[in-house]
Amino acid sequence: MAKYRVLIVEDSPTMRQLLVFALRRLRDVEIVEAQDGMDGLRKISSDHYDIALIDINMPVMDGLKLIRLIRDEETLKQIPIVVVTTEGADEDRDRALALGANEYLTKPIQANRVLSVVKGLLKDNG
Amino acid sequence: MSSNDPKFVARAEELLGIFRKGAEFSRELLRENERLRGELAAVHDRQETAARSPETWDKLRKELLTRIQSLEEECTTVRERLDQVERENNQFAQRYIEIEEENNNLANLYVASYQLHSTLDPDEVLKSIVEIAINLIGAEVFGVYLLNEETGELRAVACEGADLETFPRIQLGQGLLGKAVAAHEATCWDAPQQKGDLSQPVVCVPLAVHDRPVGAIVVHGLLAQKSGFTPLDHELFNMLGRHAATAIFAARLYSQSARKLNTIQGFIDLLTK
C-alpha cells in the first residue's frame, strides 16, 4: 500500500502526464488524476489524499472554486493544496493563497521544483 | 496507585534499571579516570627522570619533535584529502544538478512527443500542439498555421490569446513570417512592445516533413512569468518542428484515407444491392 496518495486536478493531458512523471520520483506514492474541478471534487470527497495539485483554469469547475469547497469542508480542510497554473500575476497568487492554497507554482513548471514543494508539504503534514 | 499495582512495579523497575545503568557508567568513568591518572603519573615520572639527565632529556625532546613532525605531516595529508573530497563532492553536486535538468528536459520532450503521436484525429493533434505551447513553452498568444499547398498560403487553424480571424494570413516565402517558415528553422525575435501584437512575432517554428512545409507555430506573446527562452525551449521548437508536422501530416492522411474508405464502401454497397 502506497505511503502517500496524490490527487492531480488538471484538464490538460500533457500537463497531467508531466506532473505524474515528476511525482513518480517520490517513493511509495499513488497518483490519481482528475480532468476538471468537478471530477476533482468527487474524487477528493470519496477517498483520502495526502496532497492535491490543482490547476486554476479548467472546464466545468475552476480550481479556485474547488479550493474554496475543499477548505469549507471540515474533513478536507487540512489537505495541503498546490496550485499549478499559467496565471502569473501577484493578485492571482494572492487570491489562491487567501482561499487556502499552500503553494502556488506557475507554468511552465520545473519538475524538481514541483517535487521539492510536494515533499516539503508532505513532510510538514507528517 | 498502590505498591502492588503492576504499573507501579514496572515503573519502579524501569527507574531502578536507569539508576543501575547510571551507576555502571559512573564506575566506568572512575576506572577510566584512574587509568588516565596512572598514565599522567608515568609521564611526569619520565619527565622528572629526563630532567635529571641531559642525555635522557635530549632523547625525549627528539622523540617529541619527531612525533610532532609526523603528526603535522599526517594533518597535512588529511587536510589535502579533505580538500580533494570536498572538490569531488562539489563536482558530484554540480553533475547531479546538470543531470536533474537533463532529466527534466527529457521528460518534457518525451511527454510532448507522446501527446503529439497519441492520436490520429487532426483536431486532437492541434489541441495537443496548443497545450504544449501553453504548458511547456509558456506561450500566451500564438497561432498554429497550416499550409495550403496549392495557394502557398498559411492560415491559422488553432490559436490562443486572440480570436482566430485576427491572425494574419501568411504567404510562404514572403514577408517576415513567410520567409521564416520557408527557412525550416525556428526564428526568434525580441518581445514586442505590446504583448499580443499580431504584427510582431516573438518566435516562428516552421513545421516541416522532410523539408516539405506543413505549417508553422507563431508566438506573439509569452506568459508574464516567462522572461525568455531557455535551451529546453529551443529543444522543444526543434521537436515540434518535426514531430508536430509529422503528427499533423499523418492525421490528415488518416482522415483522408478514412473518408475515401467510407466513400468506396458506400459505392460497393450501392453496387452490391
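Before we start, one definition: two strands pair if DSSP finds at least two bridges between them. Keep that in mind, and let's use it straight away. In chain B, strand E2, residues 153-160, and strand E3 pair in the antiparallel sense over 2 bridges. You can find one position of that ladder by looking for B:Leu154, which stands opposite B:Ile170 in E3(B).

I should say early on that what you see above is a predicted model.

Let's stay with chain B and widen the view. How many strands does this open sheet of chain B have? There are 6, in the order E3-E2-E1-E6-E5-E4, and the pairing is antiparallel. Strand E3 (170-171) and strand E4 (187-188) of chain B are the edge strands, each pairing on one side only. Now look for helix H3 of chain B, residues 122-137, which packs on this sheet. H3 touches strand E1 (139-148), E2 and strand E6 (212-222) of chain B, and the direction of H3 makes about 150° with that of E1(B).

How is chain B divided into domains? Domain 1 covers 14-46, domain 2 covers 53-118, and domain 3 covers 119-260. Taken over C-alpha atoms, the centres of domain 1 and domain 3 of chain B are separated by 81 Å.

Now over to chain A, with its 5 helices and 5 strands. If you trace chain A from the N terminus, the elements run β-α-β-α-β-α-β-α-β-α. The radius of gyration of chain A is 13 Å, close to the 14 Å that the globule rule gives for 126 residues, so chain A is as compact as a globular protein of that length. Along the principal axes, the C-alpha atoms of chain A fill a box of roughly 35 × 30 × 25 Å.

Chain A has an open sheet too. Its 5 strands come in the order E2-E1-E3-E4-E5, and here the pairing is parallel. On the edges sit strand E2 (29-34) and strand E5 (103-106) of chain A, each with pairing on one side only. From one strand to the next, the twist averages 20°. For a closer look, take strand E3 (residues 51-54) and strand E4 (residues 81-85) of chain A: these run parallel and are joined by 3 bridges. Here A:Ile54 stands opposite A:Val83 in E4(A).

Finally, let's see where the chains meet. How many residues does each chain bring to the contact? Chain A brings 16 residues and chain B brings 19 residues. On the side of chain A that touches chain B, the elements giving two or more residues are H1 and helix H5 (111-125) of chain A. H1(A) gives the most to that side, with 6 residues. By type, the residues of this side of chain A divide into 7 nonpolar, 8 polar and 1 charged.

Let's zoom in on one pair of helices. Two packed helices are described by the angle between their axes and the distance between the axes. The axes of helix H1 (residues 13-23) of chain A and helix H2 (residues 54-117) of chain B come within 10 Å and cross at roughly 145°. The crossing of H1(A) with H2(B) is right-handed. Who makes the contact? From H1(A) come A:Pro13, A:Thr14, A:Gln17, A:Leu18 and A:Phe21, while H2(B) offers B:Ala107, B:Asn108, B:Val111, B:Ala112, B:Tyr114 and B:Gln115. In this contact of H1(A) with H2(B), 7 residues are nonpolar, 4 are polar and none is charged.

Thanks for listening!

Key. Residues numbered from 1 in each chain as written. Chains lettered and ligands numbered in written order. Predicted model: local features only at pLDDT ≥ 70, side-chain atom pairs only at ≥ 80, totals over all residues. Axes fitted to C-alpha atoms, helices over the stretch in contact; angles between N-to-C directions. Helix = DSSP H or I, 4+ residues; strand = E, 2+ residues; numbered from the N terminus. Left-handed = near helix turned anticlockwise from the far one by under 90°. Contact = placed C-beta atoms within 7 Å. Nonpolar A, V, L, I, M, F, W, Y, C, P; charged D, E, K, R; others polar. Domains from an automatic or database assignment. Rg over C-alpha atoms; globule rule 2.2 N^0.38 Å.
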